Amino acid sequence: MCEYCGCQALATIDELTREHDAVVDLIGEVRTAHRNGDVGLMAELARRIAAILEPHTQVEEHGLFPALAADFPDQIAALEAEHRRVEAVLGEAGDAPSGVPADPAWPRRLLDVLDVLRRHILKEQDGVFPAALAGLSTGDWEAIEAVRESAGCLLPRAAA
């Protein structure tokens, strides 16, 4: 986790980071469920990850990323493509009538996409967040916060 640049002093970045931390914890639980052969629990945890990521991704894609896209167009496009890849596999757990995807390869695909997600989180925390701290204006942060307010979030705000 990034702690060297001070970006977590901004409430928006702190909240995005806390959401990342919650997702990383859930990824660990998915891995444990996989080791135990509990595909039902894997699917439940995938839905919980998706519930955190849905508003989180809105904040990034409609607030943070547009503010950085002019300076980092290829990196932002790659991050958004990773969002789509992660959403697709997580979404299979939400779309399954029984709550568990019928595809026997889904548990492996879930683990693979969670590895992508873990690397993605590191890219954001070690690259995007410090770049945002260094380059965005007060107006940019206000716009990002407005997106956050409209998107909502699953985790409660940190105590001030």
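## A helix-by-helix tour

The residues lining the largest cavity split into 4 nonpolar, 5 polar and 3 charged. Let's start there, bearing in mind that this is a predicted model.

**Stop 1: the cavity.** Select His20, Leu53, His56, Thr57, Glu60, His83, Val86, Glu87, Leu117, His120, Ile121 and Glu124, and you have the lining of the largest cavity. The space inside comes to about 80 Å³. How many cavities of 30 Å³ or more are there? The count is 1. Now colour by helix: helix 2, helix 3 and helix 4 (106–135) each put at least two residues into this lining.

**Stop 2: helix 2 against helix 3.** Next, show residues 39–68 and residues 73–95, which are helix 2 and helix 3. Their axes come within 9 Å and cross at roughly 155°, so the two helices are roughly antiparallel. Which hand does the crossing have, left or right? Helix 2 passes helix 3 in a left-handed crossing.

For the contact itself, pick Ala43, Ala46, Arg47, Ile49, Ala50, Leu53, Thr57, Glu60, Glu61, Phe65 and Leu68 on the helix 2 side. On the helix 3 side, add Ile76, Leu79, Glu80, His83, Arg84, Val86, Glu87, Leu90, Ala93 and Gly94. By class, that gives 12 nonpolar, 3 polar and 6 charged residues. A few names should ring a bell: Leu53, Thr57, Glu60, His83, Val86 and Glu87 take part in this contact, and they also line the largest cavity from Stop 1.

**Stop 3: the pocket.** Keep helix 3 on screen and bring helix 4 back. Both supply at least two residues to the lining of the largest pocket. To light up that lining, select Leu68, Phe72, Gln75, Ile76, Ala78, Leu79, Lys123, Gly127, Val128 and Ala131. The pocket has a volume of about 170 Å³, and its lining divides into 7 nonpolar, 2 polar and 1 charged. Leu68, Ile76 and Leu79 are in this lining and belong to the helix 2–helix 3 contact as well.

**Stop 4: helix 2 against helix 5.** Hide helix 3 and show residues 138–151, which make up helix 5. The axes of helix 2 and helix 5 come within 9 Å and cross at roughly 160°, which means that this pair, too, is roughly antiparallel. Here, though, helix 2 goes past helix 5 in a right-handed crossing.

Select Pro55, Gln58, Val59, His62, Gly63, Leu64 and Ala67 in helix 2, and then Asp140, Trp141, Ile144, Val147, Arg148 and Ala151 in helix 5: this is where the two meet. The mix is 8 nonpolar, 3 polar and 2 charged.

**Stop 5: helix 1 against helix 5.** Stay with helix 5 and add helix 1, residues 11–35. Their axes sit 10 Å apart, and the packing angle is about 45°. The two helices are therefore oblique to each other. From helix 1, select Thr12, Ile13, Glu15, Leu16 and Glu19; their partners in helix 5 are Trp141, Ile144, Glu145 and Arg148. This contact has 4 nonpolar, 1 polar and 4 charged residues.

Finish by zooming in on Trp141, Ile144 and Arg148. These three helix 5 residues are part of the contact with helix 1, and they meet helix 2 as well.

Conventions: Residues numbered from 1 in each chain as written. Predicted model: local features only at pLDDT ≥ 70, side-chain atom pairs only at ≥ 80, totals over all residues. Heavy atoms only, no water. Axes fitted to C-alpha atoms, helices over the stretch in contact; angles between N-to-C directions. Helix = DSSP H or I, 4+ residues; strand = E, 2+ residues; numbered from the N terminus. Parallel < 35°, antiparallel > 145°, perpendicular 65-115°, else oblique. Left-handed = near helix turned anticlockwise from the far one by under 90°. Contact = heavy atoms within 4.5 Å. Nonpolar A, V, L, I, M, F, W, Y, C, P; charged D, E, K, R; others polar. 1 Å grid on protein atoms, 1.4 Å probe; cavity = no way out; pocket = protein on both sides within 12 Å on 5 of 7 lines; lining within 4 Å. Points joined across faces, edges and corners; volume = space filled by probe spheres on them.
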